[in-house]
Structure formats: structure tokens, C-alpha cells
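User: I would like to learn how to read a few features of a model. Please take them one by one, with the general idea before the case.

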Amino acid sequence: MVNREPRGHTLPLLVSLIILGVLLMTFDVRLQGGGVVGVLRTGTQTIIAPVQQAASYAVNPVADMIDSLSNLSNLREENIALRRELAEAEASLVGVQDQLARLEHLEQLYGMEAAGDEIGRTVANVIGRPDAFDAALIIDKGTSDGVVVGQPVVDTNGYVVGTVRSVTRGSATIVPITADRQALTVMVGDQIGSLLSQVATDEMRLEILTAREPVLVGDEVLTSAVSASFPAGLPVGVVIEDAAPSIDVLNAKVDLFVKPDTLRLVVVLAWPPDPITASSGETILPAETSTTSTTTEGDGS
Amino acid sequence: MRLPKGLIVATILLFAVVIQITLFGQIRIIAPDLVMLVVILLALTRIRPELVLGAAFLSGLVVDLLGSSLLGLRAIVFATVAYIALRTKERAEIGRFAVALWVGILTLIGVVLLVLIGTLFGQTSLLGPNVTRLILVVPLANLLLGGLLGPVFVRLVDGSTTAFRFS
């Protein structure tokens, strides 16, 4: 039975709170997560971060144990597959070492020096997720480790995960590309298109507006040099259905290499390598990607 | 010495937020919404309804600020769920099983509202690959936790050893 007692001020208060909530949502949409909303986000995360990090030390072993128990059968199969992969990798390593020795010899011979990988990398632990419905990842590295808003994030294999949405001194929030409202500019073969998230699936939709040739199952999807958010050539996923251009537009399904909800470790790339130092203090913004101190404008391309 | 009720509630809510984002953020098989659970259970205490609504709104705001979704989304959902909880709490006051069921139904209303309002505001990421499973699993997990922890929670907040002792 519903309570029929005098309601006091609860109904007007609820209506006021809903109006306030809608206003906040509208502000957030209009400001694209920046401005006052961005400051509030960073402030709250700064306050919660120490408690969260302390708690994660205690709960991580428990989480690992429960997760392992629930995936025991999968772990056995994964273990067998990993042993096989390790044997194959060890065999190919011998070949690579030979090639490296030859390369070094040739470099010495011609007085050359190979260009190094200039992109800095920060390995971070995933220490939390806001709730079951929010795909964002919270990591244990922040501005004190050189992480800044807008930087691209990959997994330990170099596959694209997402971008840094907001950052505090000791933590950062990552938005996976599957949850990003902005499309990601990618390249399939020599064609450039956009990768868009879809409802109720972790597959993404590839859209090429000036398609010249079909894409085939197994074609690899890489980040494009046109992208303002990611360095070119990072693997994103693979095309899972053949698709031909209709007039000059092509749509295809793409399966991502990374499943964000299973990640425990990520790598934040210091990209672009020469970020612009913001006047607001310790936050450094990557060039071309953001106009605010806490959010990125997405791919922006 | 008896601690102020506001401090107890704030501490419990902070604890719920931290456990939600750390422990349950990493265990995929168990997916309760602890903050929503605390908000619902607050309706069973002797705290003024206006304060329950305020606490629900603020805790939703904190979860929004910690995540990537729109600011105000969970605040609206939690406040609405708290209001429905306040209006229907007599249904839960008859026994532990009733508390569990009541919590489960309210959580179901909450997650459906979250998905609906989120979708209206363009939060398509809420409709991820596991959305159907989550709409069922989150209320079920809260139902179990509500049945187990509900009476203890009310006794703790109200400082009464006799509250919610079902015969």
C-alpha cells in the first residue's frame, strides 16, 4: 500500500531536484564536460582518490580471487593457450635476435642510428570503475606521473583503449572508445573512415564516406594520421563482415581487439610528444585536442 | 558517546562509493549498486524525508562526478528512487523478505530509469553489450544485500537495537 500520510515538502523538493538535475545535465552537454563541470569532476576525484587508492590495495586481492574463481575453467584453457603462444614466441625471438644483430652490424657499417620510439609510456593499474553501467576506467596514475587530459590509452599489447577524460594528481579517468560520443578516425588499407559505437553491442560501426573499394573480413583497422587524438598506426580492431560501397558510402562491423571491462593494466601514451603547457597550472593539454582543462573534444577530426 | 546521524550517513555513503568503484568495479560477476542500495535503505530510517532526498541527490552527483556519464543523471535517478522508497516503505517494514523484495523492485526501477533517462540524453554507452544482463543482475544483487544488510543498516543509523527485529 502506498503511503497516504501528508507528504510534507518531499514532492516539491523532488521536483526541484529533478529540475536541478536536468539543468546540470544540460550544462554538462553544452560545456562538453568542461568549465565548471570539469572543475567539479576533478575536485571530487581529487578528494576521493586517496581513499580509493587505499581501498584498492585492500580489495584488489579479494577482487582478483573472486574473479579467478568465477573464471576457473576459462583460466585453464587460457593457460594452455598461453603456454603454446610462449613456445612460439620463444622460437620467433631467436630469429628476431639474429635480425637485430645483423641490423646493429649494418648500422655500424653505415654509421646510422635507428630513430627511437619517442612516445613516452606510463603503465597504470586499473583501480576501479564508477558503476556497472559506466564504462569508464579509473587508473592509479595522474598528473604527478605525467598523465594529462586527452592523452591516448592503449593496452599492454598496444591496442587502442580510449583517451584520458579527466585527471587528478594521483588518478585519471579513461573513457574507452566504445563509450565515447565522438567517433574515432581510422584507416582500413588506404581508406579513411570513422569508427562509431553502437547500442547493446561491443562491436563498432565503421563508416567510410568516400569509399572507393570494399573492405573484407579480417582487414585490420588502424588509427589514422588524420586523427587528432591518437598517433597513426595503432591497431584498433578487425573488420568482421565484408562490405562494399553503396554509392560512395561504406558501412561495416568492426570487432575491437580490446575488451575494456577486462583490463587490469593500461598504458598512457605521452602523445602528442610536444604538448602545450596550460596556463592553469599543472595540467598540460595536448595540442589540437582540447580547449578545457579537464576534457577532450574527442577525436576532433 | 553517540555519533551524529549525518556523520554516520555520510561515512556509510562514502564507504559505499569507494567499495562500489574499487571492489565491485573489478568483479564482473557480482554487480550490486551499493550507493543506490544505501539510498533506498535510508528511507527505512527515522531520518527526515527531505534529508533522505537531499542525500540521495548528492550521492548520485558524486557517482556522476567520478564517472564519465552526464552530471546529474544518477542524481535524478537516486532522488526519484528515494522518493518512491519513502512513499512505499510500509511495504518493507513487515519482514526481512519484504525488505529484500522491496529493495530489488526499487533497484529495478532505478536501473531502468537510469538507462531511459541516459538514452534520452544521448548516453548510448549505458546501453552496452551487457545492458540486459545488468538490468537483471544489479536488482538481484541489491535484493540479496538488502535482505542481509537492511535491518542492520537501520539499527546502525537510528542507533536503536530494537528497530527492524522481525519476530
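User: How many residues does each chain give to the contact?

Analyst: The size of an interface is often given as the accessible area lost when the parts come together. Here the count is by residue: in this predicted model, chain A gives 54 residues to the contact and chain B gives 50 residues.

User: Which elements of chain A give two or more residues to the side that touches chain B?

Analyst: They are helix H1 (10-31), helix H2 (35-70), strand S1 (120-128) and strand S5 (172-176) of chain A. The largest share, 16 residues, comes from H2(A).

User: What is the make-up by class of the side of chain A that touches chain B?

Analyst: That side has 30 nonpolar residues, with 14 polar and 10 charged.

User: Which strands of chain A form the closed barrel, and in what order?

Analyst: Strands of a sheet pair through backbone hydrogen bonds, either parallel or antiparallel. In chain A, six strands close a barrel in the order S6-S7-S8-S11-S10-S9, and the pairing is antiparallel. From one strand to the next, the twist averages 40°.

User: How many bridges join S6 and S9 of chain A?

Analyst: Strand S6 (residues 184-188) and strand S9 (residues 220-223) of chain A are paired over three bridges in the antiparallel sense. Within S9(A), A:Thr223 is the bridge partner of A:Val186.

User: What span does helix H3 of chain B have, and what is expected?

Analyst: H3 (residues 49-66) of chain B has 18 residues, and from its first C-alpha to its last it reaches 26 Å, close to the 26 Å expected at 1.5 Å a residue.

User: Is H3(B) mostly covered or mostly exposed?

Analyst: Mostly covered, with 14 of the 18 residues of H3(B) buried.

Key: Residues are numbered from 1 along each chain as its sequence is written. Chains are lettered from A and ligands numbered from 1 in the order in which they are written. This is a predicted model: local features need pLDDT of at least 70, side-chain atom pairs count only at pLDDT 80 or more; totals for chains, interfaces and linings use all residues. Helices (H or I, at least four residues) and strands (E, at least two) are DSSP runs, numbered from the N terminus. The expected span of a helix is 1.5 Å times one less than its number of residues. A residue is buried if 20 or more other C-beta atoms lie within 10 Å of its own, exposed if 12 or fewer, and partly exposed in between; C-beta atoms are placed from the backbone. Two strands pair if DSSP finds at least two bridges between them. Axes are lines fitted to C-alpha atoms, for helices over the stretch in contact, and angles run from 0 to 180 degrees between N-to-C directions. Two residues are in contact if their C-beta atoms, placed from the backbone, lie within 7 Å. Ala, Val, Leu, Ile, Met, Phe, Trp, Tyr, Cys and Pro count as nonpolar, Asp, Glu, Lys and Arg as charged, and the others, Gly among them, as polar.
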